[in-house]
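Biologist: I am new to this structure. Please take me through one part closely, the nonpolar core, and then show me what lies around it.

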Amino acid sequence: MQRRTLLATASAMMMALAAPVLAQDEPLKVGFIYVGPVGDGGWTYQHDQGRLAIEAEFGDRVETTFIESVPEGADAERALTQLALAGNKLIFATSFGFMDPVINVAQRFPDVKFEHATGYKTAENVATYDARFYEGRAVIGTIAGHMTQSNKIGYIGSFPIPEVIQGINSSFIHARKVNPDVEMRIVWVYSWFDPAKEAEAANALLAEGVDVIMQHTDSTAPLAQAQAAGAIGFGQASDMAAFAPTPRVSSIIDDWSPYYIKRVQAMLDGTWESGSSWAGIGDGEVVIGEISDAVPENVKAEALALRDAIAAGEYHPFTGPLNKADGTVWLAEGETASDADLQSMNFYVEGITAQIPQ
Amino acid sequence: MIQLVPRQNASNLWQIATPLLAVLATMIAGGLLFATMGHNPVAAIRTIFWDPLFGMASGYSRPQLLVKAAPLILIASGLAIGFRAGIWNIGAEGQYIMGAITGAAVALALYPLEAWWLFPAMVAAGLAGGWAWGMIPALLRNWFGASEILVSLMLVYVAQRIAAWMAFGPMRNPQGMGFPGSRNLQQYPSASNPELIAGTGAHWGVVAAAFAVLATWFLMSRHIRGFHIRAAGTAPRAARFAGVRPAVLVAFCLGLSGALAGAAGLFEVAGPAGQITDRIGVGYGFTAIIVAFLGRLHPVGILLAGLLLALTYIGGELAQLTMGLPAASVQVFQGMLLFFLLGFDLLTRYQIRRRITA
């Protein structure tokens, strides 16, 4: 009994200690948990660039820390709690699998604000944010459609979740728009980052006669395989400029800095509010990397024009008429997809013959 | 010249001294590693080994030690019995995953039924799932002489695939907006495995781990089966004369270690982890092998070793948080521990003598 009370008191004291009133001149503490190592060169690396951008922008007014390679599930809940106990007032959780742990921890620390990437659960002190990667996919899909000689485009998918399926559909729609003979081959590797599996998937695609590879996985392995086979590909998450001008002819870059800076500013101003942010090319969160000289001038110009039209809000990559793969009508002439539709997308558009694994 | 001379009997002194020596050597070598990375080695070692127990936030991290150690101890207790008999189950990770899936399946199939017997039924299903997965290598060894080391290890990858299939297919949360992952069992009262006493971290898995330590101690030191296991491990031929049937022993050891790993998986998925995802296996099954050897395959040793490993995990996170140590350096640190342990293990079976050469 005594020991029990002791522990209970100790944890109660901790909670009290962890929530001191923030003095005006104390720096705002901002914490991050990452699912991978900061040196992965892709997803986590780009989030850490966002963290560094916060430091560069706000200097002494903020103090940032991070915990990397946190497994999703129980470990994430502990890591989040440790960040909150260490006095972080704004915590970014940068992987989908951190969703339930974020909600749990947020309930216990009502005065700490949480930002969860790519999830769908919000609370008074939990906001979500994501990027419209499919906008970038439309641009590189256009390039892919022009560049393929064999009319076969390969796509390395990570997991069959809405975000990835949006990307496949967007790429395919825009490749076929410029080249009606395009077919798409899709291989799933069930990982966001696994160079060996990604290389295997790339080889399987190349063996089927694919000469343009797109990827929704974060390693450079597919580009290395494409290079050996004389095919082309695109940088993913980060620029992967080391493979330019070929095989990397362009890239789709995640840039979280604008959002991170905006949210930290809101904390400093005391105007932070929960919400769901889904920004794209127009807000600078999705960036098209330099299009290399391997791409003909007219194709480059067309891709850039598409990018600018999307950025300006003049064009939506999912504009009807569009049918689903089973032949049923999805969007009528001129109709654009709603965000709710996109966020639960679990079908291919007409023309893709593969099946989504269930 | 230095010469190694085998001992007649394993040294009792060194049995106990080598783990302590290995921990000490790890601290020194780890300290050197941290120093070369430009961190204060004393502070780093203190952050990892001292702060989680007695530091600022120890009111939170002490209970978390139990949460982290319980599955390790539960799995290692089962593994150690097989290891003593020379039966090498390397696939506890797979049995852990299968136990989590079969246990959660019971709850998900009966959702939203509330009944007192639901959780016990889940535990039984978890035990059965792990047991069945462990029996595959056992039967293949008994019938065809297949190596249980390879078969059990390979089945880990099969189990991971089944977990991914479950998370994306049959067990996907119907209210999850198309995202992968099952319902969260933490929000299903009859199926959840919560803290039994608030603030202690102790859930049913912790109770089961304590029970496993006692039961395996009794089995190995008081029961005839324990005698058979020890005999089979040290003198297989003699054991046959003592009436040990190797096939029965193989089935018993792999079945038991599988069942305990399965139970660990169930307690985790119903408690701290909450849901079936494609990444429910976070490596407990592999780390438990280190725990079993670090604990000298003895129940009490395993108890201490499990707590020590849990300490390095939680301390490692603190070190990332407060000192900016990279996660990889903490993994190197755990690797060192096993390396030094196996190195010093030589001393229990061999004596070092100096040979005078002419």
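Modeller: Start with the largest nonpolar core, which has 147 residues in this predicted model. Four of its members touch the most other members: Ile33(A), Ile73(B), Ile75(B) and Ala292(B). Helix 4 of chain B gives the most to this core, 15 residues. Another core lies apart from it, with 59 residues. Among the members of that other core are Phe172(A), Ala244(A), Tyr348(A) and Val349(A). In soluble globular proteins, nonpolar side chains tend to be buried together.

Now pick one of the central members, Ile75(B). Which residues does Ile75(B) touch, leaving out those up to four places away in sequence? The list is Ala92(B), Tyr96(B), Leu260(B), Ala261(B), Ala264(B), Tyr284(B), Gly285(B) and Ala288(B).

Next, turn to Ile33(A). Ile33(A) stands opposite Ala93(A), a residue of strand 3 of chain A. Strand 1 of chain A covers residues 28-33, and strand 3 covers residues 90-93. These two strands pair in the parallel sense, over four bridges. Both belong to an open sheet of six strands in chain A, in the order 2-1-3-4-5-11. The pairing in this sheet is parallel. At its edges stand strand 2 (62-67) and strand 11 (276-279) of chain A, and each pairs on one side only. On average, neighbouring strands here are turned by 20° against each other, direction ignored.

Helices lie across this sheet. Helix 3 of chain A, residues 74-85, lies across strand 1, strand 2 and strand 3 of chain A. Helix 3 runs at about 170° to strand 1 of chain A. Helix 4 of chain A, residues 99-108, lies across strand 3, strand 4 (113-117) and strand 5 (126-131) of chain A. Its angle to strand 4 of chain A is also given: about 170°.

Chain A has a further open sheet, again of six strands, with the order 7-6-8-9-10-12. Here the pairing is mixed. Strand 7 (183-188) and strand 12 (286-289) of chain A are the edge strands. Each has a single partner strand, so one side of each is left without a neighbour in the sheet. From one strand to the next, the twist averages 20°. Look at one pair in this sheet. Strand 6 of chain A, residues 152-157, runs parallel to strand 7 of chain A, and six bridges join the two. Ile156(A) stands opposite Val187(A) of strand 7. Strands of a sheet pair through backbone hydrogen bonds, either parallel or antiparallel.

Now step across to where the chains meet. On the chain B side, 34 residues are in contact with 38 residues of chain A. Four elements of chain B each give two or more residues to that side: helix 4 (58-84), helix 7 (148-168), helix 13 (299-323) and helix 14 (327-349). By class, the side of chain B that touches chain A has 19 nonpolar, 11 polar and four charged residues. Helix 4 of chain B thus appears here and in the core.

One residue of chain B deserves a stop: Arg279(B). Where is Arg279(B) found? Look in the loop between helix 11 (246-270) and helix 12 (284-294) of chain B. Is Arg279(B) buried or exposed? Arg279(B) is buried, because 20 other C-beta atoms lie within 10 Å. Leaving out residues up to four places away in sequence, Arg279(B) touches Pro71(A), Glu72(A) and Gly97(A). Arg279(B) and Gln160(B) are 119 residues apart in sequence, and their C-alpha atoms are 7.7 Å apart.

Finally, pull back to the whole chains. Chain A has 11 helices and 14 strands. Its radius of gyration is 22 Å, which agrees with the value near 21 Å for a compact globule of 358 residues. The C-alpha atoms of chain A fill a box of roughly 75 × 40 × 40 Å along the principal axes. In chain A, 52% of the 358 residues count as buried. Chain B has 14 helices and two strands. With a radius of gyration of 22 Å, close to the 21 Å of the globule rule, chain B is as compact as a globular protein of that length. Its C-alpha atoms fill a box of roughly 80 × 60 × 35 Å along the principal axes. Buried residues make up 51% of the 358 residues in chain B.

Definitions and conventions:
Residues numbered from 1 in each chain as written. Chains lettered and ligands numbered in written order. Predicted model: local features only at pLDDT ≥ 70, side-chain atom pairs only at ≥ 80, totals over all residues. Rg over C-alpha atoms; globule rule 2.2 N^0.38 Å. Buried ≥ 20, exposed ≤ 12 C-beta atoms within 10 Å, placed from the backbone. Contact = placed C-beta atoms within 7 Å. Nonpolar A, V, L, I, M, F, W, Y, C, P; charged D, E, K, R; others polar. Pairing = 2+ DSSP bridges. Axes fitted to C-alpha atoms, helices over the stretch in contact; angles between N-to-C directions. Core = buried A, V, L, I, M, F, W, Y, C linked by C-beta atoms within 7 Å.
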